[in-house]
Amino acid sequence: MKYKNEYNKISEILNKSNNVLIITHIDPDPDGLCSSHAIALVIQQMKKKCNIALQHELIKKYSILIPDSSLPIYELSSDINYDLIITLDLGSKKRSGKYIELFNKNIPIINIDHHLDNDHFGEINIIDASFSSTSELMYEFFKDQKIPINQEIATALYIGIVFDTGSFRYSLTTSKTHKYVSELLEYKIDTNDIYEMLFERVSQGALRLMSKVSSTLEIFCNGKVAIISLRKAFYDECNANESDNTLLVRLGSSIEGVDLSIFINEKEENLIKVSLRSKYNFKVNEIAKQFGGGGHEKAAGFIIEDNYKNVKEIIINKIISSYSKTMFNDILI
Ligand SMILES: [Mn+2]
């Protein structure tokens, strides 16, 4: 096993720790949340204390992913001293949001992630982009260390893997992913319910929002590039809220012929999150990095403090023109 030494060291540190804080990225996705939940359950099994650090309460759709309400914290409390930090699916310290100060406190950090551009800020770093998800890596750690798992832990890992692989469709789905998942399925996981929860079940607000957001579609480069925008005002217009936006980022890339899809999410008037997805050779993480963000070659993003109109101009002038240059020598604009 490639990470045998690291896995042994993690077990050693875990055994010595008494109070563990688990941190995943801001705007957590099911991979970050469920790998956090899985290790939290294991730590509880070891009769040790642990918490999962979140920025704020989870959106309704994802709150069921961490059913034990004593696990999440939303602020650091001055009377709890954590003696170990485990970061999961967290590419950089900055992406820990309000918990960034913890990284300068001499607390040992175990950093487990599958984002290629991870900053390696831990004492132990297992960063491997050949894994479909952090949850898959977490399962390998449990398996290697013979850590007993149960239906709840297996379900958490399964959800993380299903989400990050888009139900085993994305290219990072390997034979190893399937092998590990087949082992997890021994634990009687309700796969149909999970699939529906992640990808199919939508609220009325979400459906109205989807229709509104779809109508913003703009196409560039002869049908190869799509921009879709979620304006802040849409929430009120559709009687929807932020928890209704989770499926929207995929809309652009589902269009036939689209290679690069750009999702502009206006979170505040001067705070815009841009998500990039590509299907072929255009590495979106390199673009995201130029704007202080990160991610994978085919899925990346960044946050920009500017208004919608300016951000859109930047996208057209910098990202789409760079795409056109890289892929078509500027023939298509
Ligand atoms: Mn992930």
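These exercises work through the domains, sheets and helix packing of one predicted model.

Residues are numbered from 1 along each chain as its sequence is written. Because the model is predicted, local features need pLDDT of at least 70, side-chain atom pairs count only at pLDDT 80 or more, and totals for chains, interfaces and linings use all residues.

**Exercise 1. Find the domains and describe the contact of domain 1 with domain 2.**

Step 1. Take the bounds from the domain assignment, which is automatic or from a database. Domain 1 covers 4-199 and domain 2 covers 204-328.

Step 2. Place them in space. Their C-alpha centres lie 27 Å apart.

Step 3. Count the contact residues. Two residues are in contact if their C-beta atoms, placed from the backbone, lie within 7 Å. Domain 1 gives nine residues and domain 2 gives eight.

Step 4. Sort the domain 1 side by class. Ala, Val, Leu, Ile, Met, Phe, Trp, Tyr, Cys and Pro count as nonpolar; Asp, Glu, Lys and Arg count as charged; the others, Gly among them, count as polar. The side of domain 1 that touches domain 2 has three nonpolar, three polar and three charged residues.

**Exercise 2. Lay out the sheet that holds β1 to β6.**

Step 1. Fix the terms. Strands (E, at least two residues) and helices (H or I, at least four) are DSSP runs, numbered from the N terminus. Two strands pair if DSSP finds at least two bridges between them.

Step 2. Write the order. The open sheet runs β3-β2-β1-β4-β5-β6, with parallel pairing.

Step 3. Mark the edges. β3 (72-73) and β6 (124-127) each have a single partner strand, so one side of each is left without a neighbour in the sheet.

Step 4. Check one edge pair. β2 (residues 49-53) is joined to β3 by two bridges. Here I52 stands opposite P72 of β3.

Step 5. Add the helices. Axes are lines fitted to C-alpha atoms, for helices over the stretch in contact; angles run from 0 to 180 degrees between N-to-C directions. Helix α1 (residues 4-16) lies across β4 (84-88), β5 (109-113) and β6, at about 135 degrees to β6. Helix α2 (residues 30-45) lies across β1 (19-23), β2 and β4, at about 170 degrees to β2.

**Exercise 3. Do the same for the sheet that holds β7 to β12.**

Step 1. Write the order. This open sheet of six strands reads β7-β8-β9-β10-β12-β11, and its pairing is mixed.

Step 2. Mark the edges. β7 (218-220) and β11 (294-295) each pair on one side only.

Step 3. Look at one pair. β10 (residues 271-278) and β12 (residues 299-304) run antiparallel and share six bridges. L276 faces A300 of β12.

Step 4. Add the helix. α11 (residues 308-328) packs on the sheet and touches β7, β8 (225-230), β9 (260-268), β10 and β12. The direction of α11 makes about 160 degrees with that of β9.

**Exercise 4. Classify how α5 packs on α6, and α4 on α6.**

Step 1. Set the cut-offs. Angles under 35 degrees count as roughly parallel, over 145 as roughly antiparallel, 65 to 115 as roughly perpendicular and the rest as oblique. A crossing is left-handed if the near helix is turned anticlockwise from the far one by less than a right angle, and right-handed if clockwise.

Step 2. Take α5 (residues 151-164) and α6 (residues 175-184). They pack at about 150 degrees, with axes 10 Å apart. They are therefore roughly antiparallel. Their crossing is left-handed. A154, L157, Y158 and I161 of α5 make the contact with T177, V181 and L184 of α6. Six of these residues are nonpolar, one is polar and none is charged.

Step 3. Take α4 (residues 134-144) with α6. The angle is about 65 degrees and the axes lie 11 Å apart. The two helices are therefore roughly perpendicular. α4 passes α6 in a left-handed crossing. E136, Y139 and E140 in α4 meet T177, Y180 and L184 in α6. This contact has three nonpolar, one polar and two charged residues.

**Exercise 5. Classify how α5 packs on α7.**

Step 1. Read the geometry. α5 and α7 (residues 191-200) pack at about 45 degrees, with axes 11 Å apart. That makes α5 oblique to α7. The crossing is right-handed.

Step 2. List the residues. Y158, I159, V162 and F163 in α5 meet I194, Y195 and L198 in α7. The contact has seven nonpolar residues, no polar and no charged.
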